[in-house]
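Colleague: I have a model open here and would love to go through it with you. Could you show me the sequence and structure before we start?

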Amino acid sequence: MTHPAFTSLDVTGIWVGKFETTGTVDKVTVKPNIASLGNIDGSTMYNTSFNYKRDLDSHMMKNTEWGAMAYLTNSKYGRPKDDAGVSTEVWINNSSAYITGCTGESASASPVNNCTYPYPNTNNDNRTVFQGSTTNNISGIYDTVGGAWDAVMGNLNNIASSSGLTVSSIPSRYKDIYTGESEIYKILGDATTEVYGWSECYSHFGLSDYPWVKRGDSFTSVATVSMFAQSRSILEGVRWETFRIVLSPNK
């Protein structure tokens, strides 16, 4: 079947920001080896993404789009397999300064003040930095594990909390809305409950007091870090949360 991230946008593919978003709200970039953009609330994340490239249908990454990225990473098109045929983990970005494109010295390396292996690290013969890529090479997506948490447009019951957004007014193509009163929700393809137990990652879903979804964990969670990790947020604007831009031109 076609992944819901594509059918909801009526496209055959999407372009995902190679790194967590950088620059400023007024001048957005997506570049390695600089600090990701943080300390902004959900409304600023959403509007900054939306206004980035309107001709290319830019928007803040949805939870189902993160799911599509996670599935591709764990497919034959993504990470290499171990001896048991299981996809190897993306290595953590362990930069406590939130420097994009960094890779630690192992899948769960302890935090460092700056950057252990910076992108593209051409002086590193064994290309350790590529372990932080979704494809284990220079062409993949980085910062999906560690760095800052990646806030996504996944929300419980249209509850705004501290985000500054009027969630009900956002077009459905740019959000994933979860409904119910339980702590167990899912939208097919979002790589949450359907992959529960694949890795010992941090997994807490939204509550009415914390209705927003964030993915990929931060540099601090070295024991349970994984791109399947999920947690809840109020998107009030803190340094350890950033966002990622997606382009979905229907051309």
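Modeller: Happy to; one term comes ahead of the rest, namely that buried means under 20% relative accessible area, exposed over 50% and partly exposed in between, with a 1.4 Å probe and protein chains only. This is a predicted model, where local features need pLDDT of at least 70, side-chain atom pairs count only at pLDDT 80 or more, and totals for chains, interfaces and linings use all residues. Residues are numbered from 1 along each chain as its sequence is written, and side-chain values use heavy atoms, with hydrogens and water left out.

Colleague: Which residues lie on the two faces of strand 5?

Modeller: Strands (E, at least two residues) and helices (H or I, at least four) are DSSP runs, numbered from the N terminus. In a regular strand the side chains alternate between the two faces of the sheet. Both faces of strand 5 are covered, and the residues on them are all buried: W149, A151, M153 and N155 on one side, D150, V152, G154 and L156 on the other.

Colleague: Why is strand 5 described as largely enclosed, and how many of its residues are buried?

Modeller: Strand 5 spans residues 149–156. It is largely enclosed by the rest of the structure because the buried residues number 8 of the 8.

Colleague: Which strand pairs with strand 5 in the antiparallel sense?

Modeller: Two strands pair if DSSP finds at least two bridges between them. Strand 9 (residues 241–243) is parallel to strand 5 over 3 bridges, and strand 6 (residues 176–178) is also parallel to strand 5, over 3 bridges. The antiparallel partner, joined by 4 bridges, is strand 7 (residues 212–215).

Colleague: Which residue stands opposite V152 in strand 7?

Modeller: Each pairing has a contact you can look up: D150 faces T242 in strand 9, and G154 faces D176 in strand 6. Opposite V152 in strand 7 stands V213.

Colleague: What is the strand order of the open sheet of 3 strands?

Modeller: Strand 1 and strand 10 (residues 245–247) pair in the antiparallel sense over 2 bridges, with V16 opposite V246. The open sheet has antiparallel pairing, and its order is 1-10-4. Strand 1 (15–16) and strand 4 (59–60) each have a single partner strand, so one side of each is left without a neighbour; these edge strands are 1 and 4.

Colleague: Which element supplies the largest share of the lining of the largest pocket?

Modeller: On a 1 Å grid over the protein atoms alone, a pocket is an open set of points with protein on both sides within 12 Å along at least five of seven lines, and lining residues have an atom within 4 Å of a point. The largest pocket is lined by 23 residues, with I14, W15, V16, G17 and I141 nearest its centre. Strand 1, helix 3 (63–73) and strand 10 each give at least two lining residues. The largest share, 5 residues, comes from helix 3.

Colleague: Why do Y46 and F50 count as a stacked pair, and at what plane angle?

Modeller: Rings of Phe, Tyr and Trp (its six-membered ring) pair if their centres lie within 6.5 Å, and planes under 30 degrees apart count as stacked, over 60 as edge-to-face and the rest as tilted. The structure holds 6 aromatic pairs. The ring centres of Y46 and F50 are 6.0 Å apart, and the pair is stacked because the planes stand at 20°.

Conventions:
On a 1 Å grid over the protein atoms alone, a cavity is a set of points where a 1.4 Å probe fits but cannot get out, and a pocket is an open set with protein on both sides within 12 Å along at least five of seven lines; lining residues have an atom within 4 Å of a point.
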